[in-house]
Amino acid sequence: MARATTPPPPTLVLLVRHGQTPTTGKVLPGRAPGLHLSDKGKQQADTVAQRIAALQAGKGKVAAVYASPLERTRETAAPIAKALGLPVRRTRGLLEADFGDWTGAELKKLYKLPEWRTVQRNPSGFRFPDGESFTEMQTRICGAVDKLRLAHAGQTVVAVSHADPIKAAVAHAMGTHLDLFQRIVVSPCSVSAILYGVDGPVVLAVNSTGDLAALVPS
């Protein structure tokens, strides 16, 4: 008779959107280099660092901090890592979607395009011109999160990324179709928490800007 085995402990992944930049809500910056946090974004990064640092006491100790290679995510991750006494590890899997020819375009102009309705209502069927599809983006971000949770089994990990990838990862964890992921809101420096256990993911918080103490797995 086979002996019962103890299931591996769950892994808590804290997905943090980068802080506000001078173009937030105005331009689709994508992967273009040279975009830094605004003064408000820096304040937001300091605040979320304090919130996450509060998890260091007890079972919620953070094991690692990862970030997309872009400046705005690394600048958001820096105060978090400093508060935790950890380095920032870069990983391309957390990158923003590749918006292709739409990179750098003003949102008010994109809103007028007929393709924008597809972006909002049928994103699973859309590919950015000369860029990435939403399906590819979701596969990439979920693959990246999967690698992080396996590398830090039973621990807590911070992953600083971008709005659309985080929304796509949350939708996947919830079993929500990608065509509905635009209904999820992920604000600058908000935290979305997913607990990955043996029975699958559990979404503990989305777009959180409050106390994270309750997220510590028991």
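**Close-up views of a predicted model**

**View 1. An open sheet of six strands.** In this predicted model, six strands line up as β4-β3-β6-β1-β7-β8 in an open sheet with mixed pairing. The edges belong to β4 (88–90) and β8 (200–208). Each of these two has a single partner strand, so one side of each is left without a neighbour in the sheet. From one strand to the next, the twist averages 25°.

**View 2. The β3–β4 pairing at one end of the strand order.** Strand β3 spans residues 62–67 and pairs with β4 in the parallel sense. Three bridges join β3 and β4. Ala67 stands opposite Arg90, a residue of β4. As an edge strand, β4 has a single partner.

**View 3. Helix α2 across the sheet strands.** Helix α2 covers residues 71–84. Four strands lie under its span: β1 (11–17), β3, β4 and β6 (156–161) are the ones α2 lies across. Helix α2 runs at about 165° to β3.

**View 4. The packing of α5 with α6.** Helix α5 (residues 134–151) packs with helix α6 (residues 163–174) at an angle of about 75°. Their axes are 9 Å apart. The angle makes α5 roughly perpendicular to α6. From α5, the contact uses Phe134, Met137, Gln138, Ile141 and Cys142. From α6 come Asp164, Pro165, Ala168, Ala169, Ala171 and His172. Which classes of residue make up this contact of α5 with α6? Eight are nonpolar, two are polar and one is charged.

Definitions and conventions. Residues numbered from 1 in each chain as written. Predicted model: local features only at pLDDT ≥ 70, side-chain atom pairs only at ≥ 80, totals over all residues. Heavy atoms only, no water. Axes fitted to C-alpha atoms, helices over the stretch in contact; angles between N-to-C directions. Parallel < 35°, antiparallel > 145°, perpendicular 65-115°, else oblique. Contact = heavy atoms within 4.5 Å. Nonpolar A, V, L, I, M, F, W, Y, C, P; charged D, E, K, R; others polar. Pairing = 2+ DSSP bridges.
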